[in-house]
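Ready for some practice at reading a protein model? Have the structure open beside you and work through the exercises at your own pace.

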Amino acid sequence: MKTTGREVIGHCGDDMLVADNRHPLDVHHVTLAAGEMHRKGEVLEVSEDGKCYILGTAAAAKAAAEVQIAEETQDGETQAADNATDTLIENATVAGYILAEDADARTGDITAAAYSSGSFIRNALIVKEGYSLTDKDERELRIGGIYLSDAMM
């Protein structure tokens, strides 16, 4: 690649994701699980296998499993339903990162950059459709060093 020295390599612009500089902004590499196109600003939950999903994925899977459990319970399979519920509770995920860049994981697992600490605008964060950021999620993020604040956008 030939350059003349006048090309734009990077730029500093308004991010509308980072709220302020009160807390250090740390970036780590995370493994995004295969299956989705991810957007900058997604809150990521970390599963037990270390892969990251958009926050709300485990809740959606749990809700679907609970519907299936309810159907099985009606058929008289109470013990299997109890075991499945216990497994869901054991495999809970934790909100831990905010995606720092757009990433395409539709073809397989990929490595992407994600913020592990900093101060972010709550309104700019993205979670799975049909899911809302809960107090528990915010508490888990805060424990990890991610602080949320409100801002006019």
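## Warm-up: one salt bridge

Lys51 forms a salt bridge with Asp109, and the closest N and O atoms are 2.7 Å apart. Here a salt bridge is a side-chain nitrogen of Lys or Arg within 4 Å of a carboxyl oxygen of Asp or Glu. Lys51 lies in strand β5 and Asp109 in the loop between β7 (103–104) and β8, so the pair ties together parts that are 58 residues apart in sequence. Strands (E, at least two residues) and helices (H or I, at least four) are DSSP runs, numbered from the N terminus.

Before you go on, please note that this is a predicted model, in which local features need pLDDT of at least 70, side-chain atom pairs count only at pLDDT 80 or more, and totals for chains, interfaces and linings use all residues. Residues are numbered from 1 along each chain as its sequence is written, and side-chain values use heavy atoms, with hydrogens and water left out.

## Exercise 1: the whole chain

Describe the make-up of the chain and how much of it is buried.

*Solution.*
- Step 1. Start with the elements: the chain has 3 helices and 9 strands.
- Step 2. Put them in order; along the sequence they read β-β-β-β-β-α-α-β-β-β-α-β.
- Step 3. Turn to burial: 31% of the 153 residues count as buried. Buried means under 20% relative accessible area, exposed over 50%, and partly exposed in between (1.4 Å probe, protein chains only).
- Step 4. Look at contacts, meaning heavy atoms within 4.5 Å. Among those with a separation of 6 or more, 71% are between residues 24 or more positions apart.

## Exercise 2: the surroundings of β5

Work out which strands pair with β5, and where its side chains point.

*Solution.*
- Step 1. Find the partners, remembering that two strands pair if DSSP finds at least two bridges between them. Strand β2 (residues 26–32) pairs with β5 in the parallel sense over 2 bridges. Strand β4 (residues 43–46) runs antiparallel to β5, with 3 bridges joining them.
- Step 2. Pick out Cys52 in β5: Leu32 stands opposite Cys52, and Cys52 is also the bridge partner of Val46.
- Step 3. Follow the side chains along β5 (residues 51–54). They alternate, with Cys52 and Ile54 buried on one face, while Lys51 and Tyr53 point to the other and are not buried. Lys51 counts as partly exposed because its relative accessible area is 26%.
- Step 4. Check the turn: the hairpin of β4 and β5 has 4 residues between the strands, and Gly50 takes a positive phi near 90° there.
- Step 5. Extend the picture beyond β4, which is joined by 4 bridges to the antiparallel strand β6 (residues 94–99). In β6, Ile98 is the bridge partner of Val43.

## Exercise 3: Ser119 and Asp20

Is Ser119 buried or exposed, and which residues does Ser119 touch?

*Solution.*
- Step 1. Locate Ser119 in strand β8 (residues 110–121).
- Step 2. Check accessibility: with a relative accessible area of 3%, Ser119 is buried.
- Step 3. List the neighbours. Leaving out residues up to four places away in sequence, Ser119 touches Leu17, Val18, Ala19, Asp20, His23, Tyr147 and Ser149.
- Step 4. Focus on Asp20, whose side chain is joined to that of Ser119 by a polar contact of 3.2 Å. A polar contact is a pair of N or O atoms within 3.5 Å; within protein, one must be able to donate a hydrogen and the other to accept it, and residues adjacent in sequence count only if both atoms are side-chain atoms.
- Step 5. See what else Asp20 meets: its side chain forms a salt bridge with Arg22 (2.7 Å, N to O). Asp20 is partly exposed at 22% relative accessible area, whereas Arg22 is exposed at 65%.

## Exercise 4: more charged pairs

How many salt bridges are there, and which residues form a network?

*Solution.*
- Step 1. Recall that side chains of opposite charge can pair when their charged atoms come close.
- Step 2. The count comes to 7 salt bridges.
- Step 3. One joins the side chains of Arg106 and Asp104 (2.9 Å, N to O); Arg106 is exposed at 55% relative accessible area, while Asp104 is partly exposed at 34%.
- Step 4. The network links Arg122, Glu138 and Asp150.
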